[in-house]
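Have your viewer ready and keep the selection box handy. We will go from stop to stop, and at each one you will hear what to select and what to look for.

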Amino acid sequence: MAPRPAPDHKDPAFLGRCVDQAMARSRADLVIKNTRFLNVVTGEIAEGDIAVCGDRIVGTYESYDGAEEIDGRDLTCVPGFIDTHVHCESTLVSPLEFDRCVLPRGTTTAICDPHEMCNVLGGVGLDYFTRAAEGTALDLRVQMSSCVPATHLETSAATLSAVDLLAFHGHPKALGLAEFMNVPGVLNKDPDVMEKLAAFQGGVIDGHSPLVSGRDLNAYLSCGIRNCHETTTLPEAMEKLRKGMQLLIREGTVSKDVDALTPALTAETSAFCGFCTDDRNPLDIHEEGHLDHVIRRAIANGAPLAHVYRAATWSAAQGFGLTDRGLIAPGRRADIVLLNDLETCDVHSVLSAGRRVTPEVFEDRPAVAPVGLDSMKLDAVRAEDFAVPANGPSGPVIGVGAGKIVTEHLTLDLPYKGGLRHPDVSRDVLKVCVLARHGINRNIGRGFVKGFGLREGALASSVGHDSHNVCVVGASDADMAVAVNRLRELGGGFVAARDGKVLGELALPMAGLMSLKRFEDVREDLVALRDVVRAMGCRLPEPFLQLAFLPLPVIPHLKITDMGLVDVDRFELIAA
């Protein structure tokens with residue numbers, strides 16, 4: 001069934017139809033009959049019908065007849081969920097597959113930052129995402145990627161200036177400026193940073209301010225930045241809320257903050273909270289859910305039920321200026337999730353812009369040609385390329401914890417011979433290297449990491465936030481070379497190697513970040529790859545996404561890029 005064309009909201013004839021259907025002078029286009037719905041304004045559970053004209057709710061509480069009717073008995077309706085910050089690339093599939101993956105789970109609006117693709121492809125990435133967003137069944141909104149390159153401490157493939165970003169500013173799917181992660185640039189009044197912030201004043205500017213507090217936070221907020229999804233502790237959350245910052249509570253594949261931040265979500269604060277996934281792969285979405293998972297976890301943790309749904313819907317919409325949605329009320333966009341159970345957020349079915357979400361909804365979307373299929377501009381490597389020269393056995397080691405992207409800055413003694421430091425598998429210390437892959441230089445950053453649990457072999461990924469150079473970790477230099485060279489052949493992706501052989505892989509040829517496959521196929525590939533890596537001794541639940549965050553030099557405390565080890569607290573390169 002082809003979806004109904006979107007009505008023209010400025011057409012008097014459409015408004016006249018809304019009046020007639022609201023007054024029951026004519027049948028509504030669609031009615032959910034005899035249902036319950038959560039009023040996120042009052043917290044009440046209401047009963048009655050919900051009438052829809054085109055993509056707009058025109059009636060609640062009263063009795064209506066519809067040209068199309070849905071039996072809502074034993075169901076509870078809530079507004080469609082809004083993911084306030086997501087990188088579609090991190091789902092490892094295209095935006096159209098992301099759409100097909102999450103919309104049936106109740107996510108009817110997603111606010112994406114194509115930061116990952118833009119750091120590889122520049123303006124080509126923004127153009128791709130805005131074109132894809134025009135065809136998705138859910139409402140995909142695009143924030144302009146603010147930090148390309150992310151920092152001066154890594155090699156990015158592209159640069160986006162304020163002028164480049166403003167070229168997309170008038171696009172109907174564009175919202176504002178994406179996460180501003182260059183906090184030092186803001187505090188030190190970097191001219192390029194100030195130009196970007198000035199260009200988007202008065203609009204939505206997303207924040208990215210882990211552990212920023214006090215006068216630094218005051219200065220950061222003074223530049224018009226309005227939210228943060230990088231909050232990980234309750235004291236940090238409360239300071240940001242007190243200073244008027246919208247708290248976006250994240251539950252991704254690696255970064256899981258709901259448990260720590262649930263106490264911050266109260267009746268008083270829910271108007272200033274939202275939920276996001278940031279980076280979540282299709283395996284987790286299949287096994288646990290998307291925003292539906294985040295909602296039920298917050299409720300299970302004891303947050304007030306009505307206020308959890310308020311944060312996921314109306315509050316999220318308000319924070320991003322999307323004032324046409326977030327309520328089941330006349331005049332609002334007909335994004336409605338029908339639940340079998342409110343407390344467990346058990347999704348029965350979904351309406352998106354007044355359309356039932358069925359497999360047919362996804363059939364008539366326009367195709368968007370893939371881009372960035374030649375992004376792996378990396379020379380073949382040898383085992384000796386991974387040698388780590390050092391002045392002695394003692395030196396820095398990155399400490400990794402499961403489910404955390406904040407890393408420790410450790411100092412450990414390692415085996416030392418011939419002027420080289422070596423891994424110590426007995427103490428779970430492996431070698432980690434980042435290789436520039438954009439054809440600009442042949443940099444290799446070298447160091448050590450603790451926490452992966454690998455007893456042998458190597459893992460390599462072309463997903464490496466934010467510049468997406470190749471990151472490889474291993475117990476064997478030879479296996480590290482095998483894994484990286486296989487990545488070159490695949491055009492990007494994930495590879496696991498041991499004893500000179502590739503044991504598992506997932507190809508991500510679009511910019512080295514996304515698959516060309518259906519999300520169901522990617523999910524199955526991830527299951528197989530996960531089993532391989534567990535057999536190699538890795539104890540992290542999501543080792544490849546954990547690997548992808550090691551080169552992220554804007555998250556404390558010790559990271560590694562193609563330029564070397566980065567002391568994030570000092571925001572400078574240090575010796576290995």
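Is Arg427 buried, exposed or partly exposed? Select Arg427 and colour by accessibility: at 34% relative accessibility, this residue counts as partly exposed. Keep in mind as you go that the model is predicted.

**Stop 1: Arg427 and its partner**

Now add Asp424 to the selection. The side chains of Arg427 and Asp424 meet in a salt bridge, at 2.9 Å from N to O. Asp424 has 14% relative accessibility and counts as buried, while Arg427 is partly exposed.

**Stop 2: a small sheet**

Next, select strands β17, β21 and β20. They make up an open sheet of 3 strands in the order β17-β21-β20, with antiparallel pairing. Strands β17 (388-389) and β20 (416-417) stand at the edges with a single partner strand each, so each has one side without a neighbour in the sheet. Zoom in on β17 and β21 (residues 420-421), which pair in the antiparallel sense over 2 bridges. To see one of the partnerships by residue, pick Pro389, whose bridge partner in β21 is Leu420.

**Stop 3: salt bridges**

Time to look at charges. Side chains of opposite charge can pair when their charged atoms come close. The structure holds 41 salt bridges. Select Asp139 and Arg325, a pair whose closest N and O atoms are 2.6 Å apart. Asp139 lies in strand β8 (residues 139-144) and Arg325 in the loop between α13 (305-319) and β14 (336-341), so this salt bridge ties together parts that are 186 residues apart in sequence.

How buried are the two ends? Asp139 has 4% relative accessibility and counts as buried; Arg325, at 2%, counts as buried too.

Widen the selection to Asp139, Arg141, Lys173, Asp324 and Arg325, and you will have a network linked by salt bridges.

For another salt bridge, go to Lys243 and Glu239, whose side chains meet at 3.2 Å, N to O. Here Lys243 is partly exposed, with a relative accessible area of 32%.

**Stop 4: aromatic pairs**

Show the aromatic rings next. A pair of aromatic rings is described by the distance of the centres and the angle of the planes. The structure holds 4 aromatic pairs. One of them is formed by Phe37 and Tyr61, an edge-to-face pair at 5.2 Å centre to centre with 70° between the planes. This pair links distant parts of the chain, 24 residues apart: Phe37 is in strand β1 (residues 28-38), and Tyr61 is in the loop between β3 (56-60) and β4 (66-71). Colour by accessibility again: Phe37 is buried, with a relative accessible area of 0%, whereas Tyr61 is partly exposed at 40%.

Now move to Phe494 and Phe544. Their ring centres are 4.8 Å apart and their planes are at 15°, so the pair is stacked. Phe494 lies in strand β26 (residues 493-498) and Phe544 in helix α16 (residues 543-548), so the pair ties together parts that are 50 residues apart in sequence. Phe494 is buried, with a relative accessible area of 1%, and Phe544, at 6%, counts as buried as well.

**Stop 5: the nonpolar cores**

Keep Phe494 selected, since this residue also appears in the next view. Which residues have the most contacts inside the largest nonpolar core? They are Phe275, Tyr309, Phe452, Phe494 and Leu550, in a core of 136 residues. Helix α15 (residues 519-535) gives the largest share of this core, with 6 residues. Apart from it lies another core, of 18 residues, including Leu378, Val381, Val470 and Leu487.

Go back to Leu550 and show its surroundings. Not counting residues up to four places away in sequence, Leu550 touches Ile398, Val400, Thr407, Val432, Val449, Phe452, Cys471, Lys559 and Ile560.

**Stop 6: His465**

For the last stop, select His465, which is found in the loop between β24 (458-461) and β25 (470-474). At 3% relative accessibility, His465 counts as buried. What does its side chain meet in a polar contact? The partner is the side chain of Glu116, at 3.0 Å. Leaving aside neighbours within four places in sequence, His465 is in contact with Ser90, Glu116, Asp279, Ala548, Phe549, Pro551 and Leu552.

Key:
Residues are numbered from 1 along each chain as its sequence is written. This is a predicted model: local features need pLDDT of at least 70, side-chain atom pairs count only at pLDDT 80 or more; totals for chains, interfaces and linings use all residues. Side-chain values use heavy atoms; hydrogens and water are left out. A nonpolar core is a set of buried Ala, Val, Leu, Ile, Met, Phe, Trp, Tyr and Cys residues joined through side-chain atoms within 4.5 Å. Buried means under 20% relative accessible area, exposed over 50%, partly exposed in between (1.4 Å probe, protein chains only). Helices (H or I, at least four residues) and strands (E, at least two) are DSSP runs, numbered from the N terminus. Contact means heavy atoms within 4.5 Å. A salt bridge is a side-chain nitrogen of Lys or Arg within 4 Å of a carboxyl oxygen of Asp or Glu. Two strands pair if DSSP finds at least two bridges between them. Rings of Phe, Tyr and Trp (its six-membered ring) pair if their centres lie within 6.5 Å; planes under 30 degrees apart count as stacked, over 60 as edge-to-face and the rest as tilted. A polar contact is a pair of N or O atoms within 3.5 Å; within protein, one must be able to donate a hydrogen and the other to accept it, and residues adjacent in sequence count only if both atoms are side-chain atoms.
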